[in-house]
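Reader: Could you take me through one part of this model in detail? I'd like a close look at a place where two domains meet.

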Amino acid sequence: MDNCKTRILTGITTSGTPHLGNYVGAIRPAIAASRADNAESFYFLADLHSLIKAQDPARTQRSTLEIAASWLACGLDPARVWFYRQSDIPEISELTWFLTCVAGKGILNRAHAYKAAVDKNRAEGEDEDAGVTAGLFMYPVLMGADILIFNADQVPVGRDQIQHIEMARDFGQRFNHIYGREYFTLPEALVDEEVATLSGLDGRKMSKSYNNTIPLFAPRDQLKKLVFSMLTDSRAPGEPKDTEGSPLFQLYKVFASAGETAAFARAYADGIGWGDAKQQVFEIVDREIAPLRERYEALMARPQDIEVILRDGAKRLRERYAMPFIAELREAVGLRDLSSVRMDADAGIEAPAEAVVPTFKQYRESDGKFYFKLMEGDRLLLTSIGFDSPRDAGRRVAAMKEGALEENADFLLADGVGSDEVNAALARFVAAQLAQE
Ligand code: TRP
């Protein structure tokens with residue numbers, strides 16, 4: 001492991017039981033990627049995150065074990081990659097607090113999961129925050145700490161997680177600006193557009209929430225039963241079948257070679273009966289899963305071995321990265337050894353040197369609308385669209401002052417100005433305000 005390799009970090013939610021859709025869409029590609037030589041890979045069980053939803057301790061423990069055993073059974077090699085449990089790295093929790101203190105609350109208000117909960121409450125006429133824990137609200141900050149503590153360069157995620165990576169960048173950037181150095185690498189989301197999604201038993205996307213899944217490690221006879229219960233049309237043997245839109249065909253394809261898939265397509269065209277088709281699908285899935293299932297069962301029978309693996313991963317990782325890095329960050333924020341305090345005058349609080357603090361200017365145009373712009377000295381960074389009232393414009397300015405630019409299409413960046421640059425300017429604005437308080 002060395003420092004010039006790209007660091008790739010994958011968080012694994014420790015809830016539920018993995019199903020074939022998870023295997024094909026996430027586990028299998030992630031494990032294939034873990035074998036790359038040019039990367040230093042981090043895989044961890046996000047058990048602190050799981051507490052947001054699951055508050056049954058026995059289930060939390062059981063899920064963590066099952067998910068760890070699943071990834072190991074599928075070939076994750078703890079000698080090659082960092083494999084650890086989030087809760088074994090207390091530096092993650094400590095960093096969460098440092099980031100909490102630079103994160104804009106306004107940004108967290110816009111997180112999809114939190115917003116969805118609020119919208120649902122509103123629609124039901126409830127108090128906005130009814131049943132919403134601060135844990136749900138803070139989810140993105142904890143996730144930011146997961147990523148930033150190891151200065152990950154890339155984070156493979158599904159589309160629904162892109163916003164979280166953007167937030168992690170934002171928190172990292174703010175911290176860097178406030179404390180005046182590039183402590184954190186700003187991570188990038190890696191979205192695989194090609195990734196396979198599977199249909200479930202009823203033909204809808206395979207998902208726990210539809211209750212239509214095939215568990216990854218279902219025993220052989222149960223796997224067979226489930227494959228045989230998959231949705232088909234009512235065509236009789238001898239009648240040609242459509243491969244397009246056939247959940248069975250799709251399942252076959254993700255476990256078969258190109259040649260096998262072509263042969264199976266011919267069998268469809270030749271009118272293979274559904275019973276025979278199902279038997280072939282079952283066999284091709286079981287061919288790949290059977291050895292993994294065997295390993296899984298062996299691992300599940302020895303939970304103490306998994307415990308040892310996880311503890312060992314966390315121990316080495318803390319020594320190598322997390323402990324020295326958190327020591328540096330404590331120093332950065334001023335949680336320092338008091339015996340080394342500086343008593344001279346310029347040790348006082350000041351806005352970070354050299355940085356030009358940007359300013360907002362509000363004005364009215366001849367079209368009667370209200371605008372604002374963001375200036376850095378004489379340089380124009382962005383101009384807003386016209387708002388109907390000074391209050392609307394003011395509100396938008398207030399949101400920006402709290403934090404970062406968001407995707408709202410209600411402003412135009414000036415020529416040659418990038419959004420990262422504006423975010424940096426906004427972070428300086430926040431820093432200057434904090435320094436004045
Ligand atoms: N939020 C991720 C998910 O739901 C899990 C996760 C937690 C994660 N921390 C992470 C993913 C850090 C990537 C990086 O899938």
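**Where domain 1 meets domain 3**

Author: Happily! Between domain 1 and domain 3 there is one salt bridge, meaning a side-chain nitrogen of Lys or Arg within 4 Å of a carboxyl oxygen of Asp or Glu. Asp420 pairs with Arg169 in a salt bridge whose closest N and O atoms lie 3.2 Å apart.

A word on the source: this is a predicted model, where local features need pLDDT of at least 70, side-chain atom pairs count only at pLDDT 80 or more, and totals for chains, interfaces and linings use all residues. Residues are numbered from 1 along each chain as its sequence is written, and side-chain values use heavy atoms, with hydrogens and water left out.

On the domain 1 side that touches domain 3, helix H5 (105-109) and helix H8 (162-178) each supply at least two residues; helices here are DSSP runs (H or I, at least four residues), numbered from the N terminus. H8 gives the largest share, six residues.

Stepping back, the chain is divided into domain 1 (6-196 + 303-329), domain 2 (217-298) and domain 3 (359-436), with bounds from an automatic or database domain assignment. Eleven residues of domain 1 and 13 residues of domain 3 take part in the contact (heavy atoms within 4.5 Å).

Together, domain 1 and domain 3 bury about 960 Å², 52% of it on carbon and sulfur atoms; buried area is the accessible area (1.4 Å probe) that two parts lose on being put together, summed over both. Of the area that domain 1 buries against domain 3, Arg110, Arg174 and His177 supply 46%, more than any other three residues.
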